[in-house]
Amino acid sequence: MSALDAIRRHHTELTAIRRDLHAHPELGMAEHRTAAIVAEKLESWGIEVHRGVGGTGVVGVLRNGRGNRAIGLRADMDALPLEELNDVPYRSTVPGKMHACGHDGHTTMLLGAARYLAETRNFDGIVHFIFQPGEEGCGGALAMLEDGLFERFPCDQIFGMHNRPGMAVGEYAVRQGPTAAGGAFFDIHVAGKGAHGARPEASIDPVLASCHITAALQSIVSRNINPREAAVISVTKVVGGKAYNVIPETATISGTARFFSREVAQQIEEGLQRVAAGVAAGFGAVATLDWRLIFAPTVNDAEATEAIAAAAAELVGEARVARDKPPGMGSEDFSFMMEKVPGAYIHLGNGDGAMPHNPRYQFNDAAIPYGAALFARVVERGLRGDL
Ligand SMILES: [Zn+2]
Ligand SMILES: [Zn+2]
């Protein structure tokens, strides 16, 4: 029996797990109930469980045969601060919280793979099931890494996946190299000198300086970054002053940057610092930059990409696996794990429907076997050994 058929026999049970997680969403780094369910399920299938890895993270360890090669499979568990607008029997029971990115589905798919692999044991080596907290900009991947994830659970290769609305269920898309952008948040604090709005000569106007800085920042991408590299700088917030007739002491410019390499990220950071400080100085003001890297660029390793694309093609046929998915400007914090261990991050079809982070988004339960079977086959193919 194929892995897909074997996992389909558990589809009803897996769907029940997914809907239960959906009804009880938990925000990043507070996935206590979710992590407890994950740990209990893994244990009930005879998998060694490590709780509290990087906060609410859970790692399952499954060994078979004598092989020492290890593959890590990763899913994210957190929900978003959003009010669900779907009218389904298993809609969120928690006001203001919702699984609007499908991490309920990702967690379920990895559980499905774990159960199948624990039952069939058709591999030689070690599988690490990595259930990560706080993917949505909450630092969950870094928290697990700082807690010694790959020192305690060394992996030769790691794999992750994300559902994708607009792509048919049973289709996959992946690409070698950069696949999702890195992302940073920044604040530029502009310090001037307050005065009466009618007496500008007594001020160093931080609002006017902020306007010039905001405009000048757009020259970093257009003049400093190599045109063959993609980069974004968006100023999304400019805050200064409260009254019509008071020139304030300070103003703050905030926004986000996106990039596909750490080098470009550094160029952007240096550019923000240089342009902000230089323009501010021209007005007699002082600008300081606070730069925070939230997501590293997600870069797929060539060998790992081929391994997961070939496993996907075996499941659904070559025609339903796109190997040239264009890189997206969105971000994914599995990137930090893939900076430590070569891996690949693949998209799987979620069918028609709302996009992630929308209050009408819904993970498609029909996709569960495709995600679970792909996780399972990438292990069976990668840890063949001489069984
Ligand atoms: Zn998301
Ligand atoms: Zn997501």
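**Close-up 1. A cysteine shared by two zinc ions in the predicted model.** The zinc ion (ligand 2) lies 3.1 Å apart from the zinc ion (ligand 1), and C101 coordinates both of them. Around the zinc ion (ligand 2), the donor atoms are SG of C101, NE2 of H103 and NE2 of H162, at 2.1 to 2.3 Å. The sequence spacing of these donor residues is C-x1-H-x58-H. Of the residues shown, C101 and H103 are both buried.

**Close-up 2. Packing of helix α2 with helix α3.** Two packed helices are described by the angle between their axes and the distance between the axes. Helix α2 spans residues 11-23 and helix α3 spans residues 32-44; the two pack at an angle of about 160 degrees, and their axes are 10 Å apart. Because of this angle, α2 is roughly antiparallel to α3. The crossing in which α2 passes α3 is right-handed. From α2, residues I17, D20 and L21 make the contact, and from α3 the residues are R33, T34, I37 and K41. Sorted by class, the contact of α2 with α3 consists of three nonpolar residues, one polar residue and three charged residues.

**Close-up 3. Surroundings of R377 in helix α11.** Helix α11 covers residues 368-382 and includes R377. The relative accessible area of R377 is 17%, and the residue therefore counts as buried, the cut-off being under 20%. When residues up to four places away in sequence are not counted, R377 touches A3, A311, E314 and L315.

Methods
Residues numbered from 1 in each chain as written. Chains lettered and ligands numbered in written order. Predicted model: local features only at pLDDT ≥ 70, side-chain atom pairs only at ≥ 80, totals over all residues. Heavy atoms only, no water. Donors = N, O, S within 2.8 Å, 3.2 Å for Na, K, Ca; no water. Buried < 20%, exposed > 50% of the residue type's maximum accessible area, 1.4 Å probe, protein only. Axes fitted to C-alpha atoms, helices over the stretch in contact; angles between N-to-C directions. Helix = DSSP H or I, 4+ residues; strand = E, 2+ residues; numbered from the N terminus. Parallel < 35°, antiparallel > 145°, perpendicular 65-115°, else oblique. Left-handed = near helix turned anticlockwise from the far one by under 90°. Contact = heavy atoms within 4.5 Å. Nonpolar A, V, L, I, M, F, W, Y, C, P; charged D, E, K, R; others polar.
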